[in-house]
Amino acid sequence: MGAGHGGGLSAAYVAGDSPVHRLEPHTKLVAVLAFALVVVATPVGAGWAPMAYAGFLVLLLTVAAVARVRPGRLLRGLVVEVPFVFFAVLLPFVSRGPRTDVLGLSLSESGLAAGGSILAKATLSVLAATLLAATTDARALLRGLERLRLPTVLVQILSFMIRYTDVVGGELRRMRVARESRGFRGRHLGALKVLGPAAGSLFIRSYERGERVHLAMLSRGYTGRLPTGPVAVVGGRAWATALSLPLAAVAVLAAGSLLG
Amino acid sequence: MHVPDGFLDATTSTGTAVVAAAGVALALRGARRELDERTAPMAGLTAAFVFAVQMMNFPVAFGTSGHLMGGALTAILVGPWTAVLCLTVVLMVQALVFADGGLTALGTNVTLIGLVAIAVGYGVFRALRAVLPATRTGLLTSAGVGAFLSVPAAALVFVLLFGLGGVADVALGSVGIAMVGVHLLIGLGEAVITVAVLGAVLTVRPDLVRGARHLQRARTLAPRPDLAGATAVDAR
């Protein structure tokens, strides 16, 4: 569910000037993706898995401390995983295999391990992605994706979406204020007679705006590609700094499997 | 519902990522046919619309409210290929900026919400549109059924993926029945909202609904004899 997206795109970014903020966006993208892969690769059934999860958490909190991202921002990032907490809590009840008694409830052992691992892995990667979004603004993310060779058209679509999301969202908000100041309360199915046309006119306005934007671009000489600025050279040091997070995670994983 | 990291194993995630990449590559070519060089601004603005409308809460029934996933609606409004691009971009922003849906699960989410939901939703819509009478009611009915079926279809594919590469040992049948059951209800909400929004656009700007092109009658310009005299006077 798309809960917790309020506040628009700019709300995710926490302005700052830490070493994490200064890293080139594409190195951060690669680092977070690699970290998530390491987290997902942690074996579910292993006895040392909880220790590894704790190790990963320590790594992330260290990065958060360096980036000066407050714990409150990280906690707010976690709201998106709420629907999956329910699923993870259900797993011990519905899974098969040998059962064990916890507080008088008969739970599946494998289900407990799987539910716990799902919860831990989802939480860790949500935290990592929250850190990425908190230290990299949307435009920088876009530059990063472009340097990682995402197809140009897709990057352009993304850039238009990011540029106009706040405009379209603002229109939606003004429509809601107008509705509610006229006494509208959307509590039952009949409200669709009002909300359907509202969403419909939002589409019409967005589409027409797209046409106007396209014409404006044509009149400024648009030929199908957008000009990009000079590309910063990224040295080995910067890559090493960025990749220290996933490499440390790999070290945790290796230590766990050797010692465990 | 976006799949987070850690739900499916690495092999399945990689597999769905390859499927998603292939689907998006096809969609990039298809969207050029739908929108030619207008692709970037039009798809971008439509994606912003999908993103905004997903934040809108619609009351559905019994005090519950839901929001649109929008695959079927977008496909009928702007065409299936552009819709795949819009939904892909929305999912990318949600994963990167809001951490909603895992980064390693991005391929899975694009496959489910982008490819499967749109393929089923739009496929059913086209099939029914061919059978039902070419009227507003026929169009809205096909759109509603398409939107309704797109949601449980995506849920069903998720259950299959979970069976292939899920991390828990669950009885697939019971999970499947539960997931599809819940998503049939969610699909009802999706259908109701899709029909309401589509009906509104059809009333105001029917020319913007790509899936309703066949309802448009070509307008022929003809001289109106009763006005011919007046125009002649004006022209002087």
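Contacts and burial in a predicted two-chain model

User: What share of the contacts in chain B with a separation of 6 or more comes from residues 24 or more positions apart?

Analyst: In this predicted model, residues 24 or more positions apart account for 73% of the contacts in chain B with a separation of 6 or more. A pair counts as a contact if the C-beta atoms, placed from the backbone, lie within 7 Å.

User: Which pattern does chain B follow along the sequence, and how many helices and strands does it have?

Analyst: Chain B has eight helices and two strands, and along the sequence they follow the pattern α-α-β-β-α-α-α-α-α-α.

User: Why is helix α3 of chain B called largely enclosed by the rest of the structure?

Analyst: A residue is buried if 20 or more other C-beta atoms lie within 10 Å of its own. In α3(B), this holds for B:G71, B:A72, B:L73, B:T74, B:A75, B:I76, B:L77 and B:V78. Eight of the eight residues of the helix, residues 71–78, are therefore buried, which is why it is described as largely enclosed by the rest of the structure. For chain B as a whole, 58% of the 236 residues count as buried.

User: What do the buried residues of α3(B) pack against, and which residue follows the helix?

Analyst: The buried residues of α3(B) pack against α2, α4, α5 (106–131), α6 (136–165) and α7 of chain B, together with α9 (192–219) of chain A. The helix is followed by B:G79, whose phi is positive, near 100°.

User: How many residues does each chain give to the contact between chain A and chain B, and which element of chain B gives the largest share?

Analyst: The contact takes 74 residues from chain A and 61 residues from chain B. On the side of chain B that touches chain A, the elements giving two or more residues are α1 (10–35), α2 (39–53), β1 (58–61), α4 (80–98) and α7 (172–204). The largest share, 14 residues, comes from α2(B). By residue class, this side of chain B divides into 44 nonpolar, eleven polar and six charged.

User: What makes up the two domains of chain A, and how many residues does each give to the contact?

Analyst: The domain assignment gives domain 1 of chain A as 9–144 + 236–259 and domain 2 as 151–219. Their contact takes five residues from domain 1 of chain A and six residues from domain 2 of chain A. The side of domain 1 that touches domain 2 divides into three nonpolar, one polar and one charged. The C-alpha centres of the two domains lie 34 Å apart.

Technical notes. Residues numbered from 1 in each chain as written. Chains lettered and ligands numbered in written order. Predicted model: local features only at pLDDT ≥ 70, side-chain atom pairs only at ≥ 80, totals over all residues. Domains from an automatic or database assignment. Contact = placed C-beta atoms within 7 Å. Nonpolar A, V, L, I, M, F, W, Y, C, P; charged D, E, K, R; others polar. Helix = DSSP H or I, 4+ residues; strand = E, 2+ residues; numbered from the N terminus. Buried ≥ 20, exposed ≤ 12 C-beta atoms within 10 Å, placed from the backbone.
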